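Q: I have a protein model open and would like to practise reading it. Could you take me through it feature by feature?
A: Gladly; let us put it on the screen and begin with a single residue.

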Amino acid sequence: MSAPDLKRAAAERAIPLVEDGMRLGIGTGSTAAAFIKLLGERVRAGLKVTGVPTSEATRIACERQGIPLATLEDLPELDLTIDGADEVDGSLRLIKGGGAALLREKIVAVASRRMVVIADASKHVETLGAFPLPVEVNLFGIGATTRAVEAAVAQAGCTGEIVRRHDASGVPLLTDGGHAILDLRLGRIPDPEALSAGLWAVPGVVEHGLFLGIADAAILAAADGDAAVVSVLGSL
């Protein structure tokens, strides 16, 4: 079974959580894209929802599917957010931001009563950190900010390389908010809470990709031969 099949299986398990009239946060990334397609089918069949997208890419995908959209200015409180993750541990701590939308993703998730993660089971890890941790930073003073981030990483007991993210054409990437992303290639993060606190103490840090105490559940799809087996961490 292919990775896209597993992503669709996780998205299919999440679709019944969406109820008529919901104010829905809609995530970014390949698994969220599978969810958007399924949600579009339900909307065209008569489901009434209003979505708040977490990125411009998600906004475009939702519009193509005919999903009604609003902003957090219109709907400051949401019922549910469905989003992917780059890593999730047994305590529902996440690394997110592989799609460079971590700031908007976290704002939308925290504005929601519940957040449910959808992913293939390879994203389930014992210890966070194999996936590079994104840190969104202001362009002003980025050199000084990078050095301060290095110090925060060391203080939290982590080691590794910090690199600025570039896009596919080799140009330094900018987020939808006009910020840069530093990817922290740490290998493992023994104390995510300590690292989170250290990063927040750096003035140039806009947001980081550690989502701690935010997700309520994770729907994970694993391959079993030609079939998908879906399991749930937390409570739906």
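Q: Does Ala100 count as buried or exposed?
A: Before the answer, one note: this is a predicted model. The general idea is to take the relative accessible area and ask whether it is under 20%, which is the cut-off for buried. Ala100 has 13% relative accessibility, so it counts as buried.

Q: Where is Ala100 placed?
A: Ala100 sits in the loop between β5 and α4.

Q: What is notable about the phi of Ala100?
A: The general idea comes from backbone geometry: most residues other than glycine have a negative phi. Now the case here: Ala100 is not a glycine, yet its phi is positive, about 65°.

Q: Which phi does Leu92 have?
A: Leu92 is not a glycine either, and its phi is positive, at about 60°. Leu92 belongs to the loop between β4 (87-88) and β5. With a relative accessible area of 11%, Leu92 is buried.

Q: In which loop is Gly98 found?
A: Gly98 lies in the loop between β5 (94-95) and α4 (102-110), where Ala100 is also placed. Its accessibility reads another way, though: Gly98 has 35% relative accessibility and counts as partly exposed.

Q: Which residues does Gly98 touch, not counting those up to four places away in sequence?
A: The general idea is to set sequence neighbours aside and see what remains. For Gly98, the residues touched are Asp86, Phe131, Pro134 and Arg165. You can also take a C-alpha distance: Gly98 and Gly170 are 72 residues apart along the chain, with 16 Å between their C-alpha atoms.

Q: How should I read Glu207, and is it buried or exposed?
A: Start with its element, then its cover, then its partners. Glu207 is part of strand β10 (residues 205-208). At 6% relative accessibility, Glu207 counts as buried. Beyond its neighbours within four places in sequence, Glu207 is in contact with Leu102, Leu103, Lys106, Val135, Glu136 and Trp200. Between the C-alpha atoms of Glu207 and Val137 there are 7.1 Å, while 70 residues separate the pair along the chain.

Q: Where is Gly157, and how far in space is it from Pro190?
A: Gly157 lies in the loop between α5 (142-155) and β8 (161-164). Its C-alpha is 7.5 Å from that of Pro190, and the two are 33 residues apart in sequence. Gly157 counts as exposed, at 53% relative accessibility.

Q: What about a helix residue: how accessible is Ala33?
A: Ala33 lies in helix α2 (residues 30-44) and is partly exposed, with a relative accessible area of 32%. From Ala33 to Asp83 the C-alpha distance is 9.4 Å, with their positions 50 residues apart in sequence.

Q: How many disulfides does the structure hold?
A: The general idea is to look at pairs of cysteine sulfur atoms. In this structure the number of disulfides is zero. Two cysteines can still be read for cover: Cys62 is buried at 0% relative accessibility, and Cys158 is buried with a relative accessible area of 5%.

Q: Now the whole chain: how many helices and strands does the protein have?
A: The protein has six helices and 13 strands. Its radius of gyration is 18 Å, close to the 18 Å that the globule rule gives for 236 residues, so the protein is as compact as a globular protein of that length. The C-alpha atoms fill a box of roughly 55 × 40 × 35 Å along the principal axes.

Q: What share of contacts joins residues at least 24 apart?
A: Counting contacts between residues at least 6 apart in sequence, 73% join residues at least 24 apart.

Q: How should I read burial, surface and charge for the protein, and what percentage of residues is buried?
A: Of the 236 residues, 50% count as buried. The protein exposes about 10,400 Å², with 52% of that supplied by carbon and sulfur atoms. As for charge, there are 22 positive and 30 negative side chains, and the centres of the two sets are 3 Å apart.

Methods: Residues are numbered from 1 along each chain as its sequence is written. This is a predicted model: local features need pLDDT of at least 70, side-chain atom pairs count only at pLDDT 80 or more; totals for chains, interfaces and linings use all residues. Side-chain values use heavy atoms; hydrogens and water are left out. Helices (H or I, at least four residues) and strands (E, at least two) are DSSP runs, numbered from the N terminus. The radius of gyration is taken over C-alpha atoms; the globule rule is 2.2 Å times the number of residues to the power 0.38. Buried means under 20% relative accessible area, exposed over 50%, partly exposed in between (1.4 Å probe, protein chains only). Contact means heavy atoms within 4.5 Å. Accessible areas come from the Shrake-Rupley method with a 1.4 Å probe; for residues, only the protein chains shown count as cover. Lys and Arg count as positive and Asp and Glu as negative; His and the chain ends are not counted. The place of a charge is taken as NZ of Lys, CZ of Arg, CG of Asp or CD of Glu. A disulfide is a pair of cysteine sulfur atoms within 2.5 Å.
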